Amino acid sequence: MTGDGHADDILAGLTHHGRLADGAGLHVDVLKLQHHGSEHNLHRAFARRITADHYLICANGKDKNPDLRVLEVLLDSRLGVADKLSPNAEAGQPFTIWLNCSTHYLDKQQAAYIAKKGTRSTELDKNIAHLKAGRGSPRRGQTAQPRQAEAQIPQSLAARTRGLNR
């Protein structure tokens with residue numbers, strides 16, 4: 001569990017406690033991505049060094065989280081070209097990205113807000129729009145495997161995903 005930690009602080013903490021040797025990587029069963037998938041808390045070096053079987057991202061589109069660039073960096077570390085790919089032995093194995101929120105859930109929240117207030121919530125509209133912009137990115141419980149991309153992956157991520165199971 002990374003909380004709101006910054007990537008360098010997490011790497012330093014893992015090194016300090018003997019869980020990560022200098023320059024080495026670490027593979028874990030579950031990694032809760034820090035700070036709702038914000039681009040300010042995860043960078044390419046972190047994603048290359050720390051890999052997981054399951055990535056958890058707790059975000060609802062607010063403040064444009066999860067940031068689609070974070071998903072791109074994460075996917076690059078597992079499915080990308082050699083200079084972006086994690087050197088961890090497990091990097092080539094299937095993995096799952098779990099999101100705790102969906103546009104369907106937010107649409108339900110919007111309907112309840114309209115029923116109560118008689119008008120739409122502009123904040124919910126922004127969150128829904130952000131999540132729909134990344135519609136082809138991994139959704140709740142999808143497992144990524146290195147194979148051909150499915151048609152609904154947006155062009156910006158298609159070359160990096162190489163396929164997602166539903």
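## A walk from the strands to a helix pair

Start by selecting Ile-57 and Leu-99: Ile-57 stands opposite Leu-99, which belongs to strand 3. As you look around, keep in mind that this is a predicted model.

**The whole chain**

Zoom out for a moment and colour by secondary structure. You should find six helices and five strands. Followed from the N terminus, the elements come in the order α-β-α-β-α-β-α-α-β-α-β. The chain has 166 residues, and 40% of them are buried. Taking the contacts between residues at least 6 apart in sequence, 65% join residues at least 24 apart.

**Strands 1, 2 and 3**

Now show strand 1, residues 26–32, together with strand 2, residues 50–57. These two strands pair in the parallel sense, and six bridges link them. Next add strand 3, residues 95–99. Strand 2 pairs with strand 3 too, again in the parallel sense, this time over four bridges.

To follow a path across these strands, pick Lys-32 in strand 1. Which residue of strand 2 is the bridge partner of Lys-32? Select Leu-56, and you have that partner. From Leu-56, step on to strand 3, where the bridge partner is Trp-98.

**Stop at Lys-32**

Go back to Lys-32 and switch on a surface. Is Lys-32 buried or exposed? Lys-32 counts as buried because its relative accessible area is 13%, which falls under the 20% cut-off. To see what surrounds this lysine, show Met-1, Thr-2, Gly-3, Leu-56 and Cys-58: Lys-32 touches each of them, with residues up to four places away in sequence left out of the list. Notice that Leu-56, the bridge partner from a moment ago, appears among these contacts as well.

**Stop at Trp-98**

Move to Trp-98, in strand 3. Draw a distance between the C-alpha atoms of Trp-98 and Leu-56, and you should read 4.8 Å, although 42 residues of chain lie between the two positions as a separation in sequence. Then display the side chain of His-54: a polar contact of 2.9 Å joins it to the side chain of Trp-98. On the surface, Trp-98 is partly exposed, since its relative accessibility is 35%.

**Stop at Phe-95**

Stay in strand 3 and select Phe-95. With a relative accessible area of 1%, Phe-95 is buried. The strand as a whole is mostly covered, with four of its five residues buried. For a long-range link, add Asp-29: it is 66 residues from Phe-95 in sequence, while their C-alpha atoms are 9.6 Å apart.

**A loop before strand 3**

Step back along the chain to Pro-87, in the loop that runs between helix 3 (68–79) and strand 3. How does the surface look here? Pro-87 has a relative accessible area of 64% and is therefore exposed. Now select Gly-25 as well. Pro-87 and Gly-25 are 62 residues apart along the chain, and 7.5 Å separates their C-alpha atoms.

**Helices 4 and 5**

Next, hide the strands and show helix 4 (103–117) and helix 5 (122–133). Two packed helices are described by the angle between their axes and the distance between the axes. For helix 4 and helix 5, the angle is about 165° and the axes lie 10 Å apart. That makes the two helices roughly antiparallel, because angles over 145 degrees are counted that way. Their crossing is left-handed. To light up the contact, select Thr-103, Leu-106, Asp-107, Gln-109, Gln-110 and Tyr-113 on helix 4, then Leu-124, Asp-125, Asn-127, Ile-128, Leu-131 and Lys-132 on helix 5.

**Last stop: Ser-121**

Finish in the loop between helix 4 and helix 5, where you will find Ser-121. Which backbone nitrogen does the side chain of Ser-121 reach? Select Leu-124: the distance to its backbone nitrogen is 3.1 Å. Apart from neighbours within four places in sequence, Ser-121 is in contact with Gln-110 and Tyr-113. Both of those residues also take part in the contact of helix 4 with helix 5, and so does Leu-124, from the side of helix 5. With the surface on, Ser-121 is buried, as its relative accessible area is 8%.

Terms used:
Residues numbered from 1 in each chain as written. Predicted model: local features only at pLDDT ≥ 70, side-chain atom pairs only at ≥ 80, totals over all residues. Heavy atoms only, no water. Pairing = 2+ DSSP bridges. Buried < 20%, exposed > 50% of the residue type's maximum accessible area, 1.4 Å probe, protein only. Polar contact = N/O pair within 3.5 Å; in protein donor to acceptor, adjacent residues only side chain to side chain. Contact = heavy atoms within 4.5 Å. Axes fitted to C-alpha atoms, helices over the stretch in contact; angles between N-to-C directions. Parallel < 35°, antiparallel > 145°, perpendicular 65-115°, else oblique. Left-handed = near helix turned anticlockwise from the far one by under 90°.
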